[in-house]
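Visitor: I'm new to this structure and would like a close look at a single part of it. Could you pick the place where two helices pack together and walk me through it?

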Amino acid sequence: MALKHLFQNKCPQCGKGNIFINRNLFSFFQLTKMNIKCPNCNYNFFPENGFYWGAMFVSYGLASLEGLLVILACSWYGNELFDYVNLLIIISFMIILFPLNFRLSRIIWLYIFGNKIKE
Ligand SMILES: [Zn+2]
């Protein structure tokens, strides 16, 4: 159930309040806007300064996994494993999936470490 809430941008404690203000992934100017606290249960989404720096590692992992899947799909369709076309396809996917990676990495980080830090 927590996994469902994770992908739905919901609070890790109550599963009802939104973490990001605008749920649309392609709302370019509101992509990074987060609620400071859960509108439903008052759970703190910013437990300490610089809390989301660690989300970079999650983002790196997600991007690596996506790159691997894309290169496997390319080799499935007959491209050489190391090819400039594959590189362009991977870069395109990274750009397209950036909003998803950004949000998902922050949400995953909050789900893992959000309640470990007490105010
Ligand atoms: Zn909540």
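Guide: Happy to. First, the setting: the protein has three helices and zero strands, and from the N terminus on the order is α-α-α. Keep in mind that this is a predicted model. The C-alpha trace spans about 50 × 30 × 25 Å along its principal axes. There are 119 residues, and 37% of them count as buried. If you take contacts between residues at least 6 apart in sequence, 58% join residues at least 24 apart.

Now to the part you asked for. Helix α2 covers residues 55-76 and helix α3 covers residues 84-113. Packed helices in general are described by two things, the angle between their axes and the distance between the axes. Here the angle is about 145 degrees, and the axes are 8 Å apart. The crossing of α2 past α3 is right-handed.

Which residues do the touching? On the α2 side you'll find A55, V58, S59, L62, A63, E66, G67, V70, I71 and C74. Across from them, α3 brings N86, I89, I90, F93, M94, L97, N101, L104, S105, R106, I108 and W109. Sorted by class, this contact has 15 nonpolar, five polar and two charged residues.

Let's stay with α2 for a moment. The helix has 22 residues and reaches 31 Å from its first C-alpha to its last, close to the 32 Å expected at 1.5 Å a residue. Its buried residues are A55, V58, L62, A63, E66, G67, V70, I71 and C74, and α3 is among the things that cover them. As you trace that list along the helix, it helps to know that an α-helix has 3.6 residues a turn, so residues three or four places apart point the same way.

On the α3 side, S105 is a nice residue to zoom in on. S105 sits in helix α3 and counts as buried, because its relative accessibility is 3% and the limit for buried is under 20%. Setting aside neighbours within four places in sequence, S105 is in contact with A55, V58, S59 and L62. You can also look from S105 to G61: they are 44 residues apart in sequence, yet 9.0 Å apart in space, C-alpha to C-alpha.

Further along α3 come W109 and F113, four residues apart in the helix, about one turn. Their ring centres are 4.4 Å apart and their planes are at 50 degrees, so this pair is tilted. W109 is buried at 16% relative accessible area, while F113 is partly exposed at 32%.

What links the two helices? After α2 comes G78, whose phi is positive, near 100 degrees. The loop between α2 and α3 also holds F82. Is F82 buried or exposed? With a relative accessible area of 75%, F82 is exposed. F82 and I71 are 11 residues apart in sequence, and their C-alpha atoms are 8.5 Å apart in space.

Now step back to what comes before α2. The loop between α1 (2-7) and α2 includes N9, and N42 is found in that loop too. N9 has a phi near 65 degrees, a positive value in a residue other than glycine. N42 also has a positive phi, near 70 degrees, and is likewise a residue other than glycine. Their surroundings contrast, though: N9 is buried, with a relative accessible area of 7%, whereas N42 counts as exposed at 52%.

To finish, look at the other aromatic residues. The count of aromatic pairs comes to five. One of them is F46 with Y52, an edge-to-face pair with 5.4 Å from centre to centre and 80 degrees between the planes. F46 is partly exposed at 34% relative accessible area, and Y52 is buried at 8%. Together with F51, these two form one aromatic cluster.

Definitions and conventions: Residues are numbered from 1 along each chain as its sequence is written. This is a predicted model: local features need pLDDT of at least 70, side-chain atom pairs count only at pLDDT 80 or more; totals for chains, interfaces and linings use all residues. Side-chain values use heavy atoms; hydrogens and water are left out. Axes are lines fitted to C-alpha atoms, for helices over the stretch in contact, and angles run from 0 to 180 degrees between N-to-C directions. A crossing is left-handed if the near helix is turned anticlockwise from the far one by less than a right angle, and right-handed if clockwise. Contact means heavy atoms within 4.5 Å. Ala, Val, Leu, Ile, Met, Phe, Trp, Tyr, Cys and Pro count as nonpolar, Asp, Glu, Lys and Arg as charged, and the others, Gly among them, as polar. Rings of Phe, Tyr and Trp (its six-membered ring) pair if their centres lie within 6.5 Å; planes under 30 degrees apart count as stacked, over 60 as edge-to-face and the rest as tilted. Buried means under 20% relative accessible area, exposed over 50%, partly exposed in between (1.4 Å probe, protein chains only). The expected span of a helix is 1.5 Å times one less than its number of residues.
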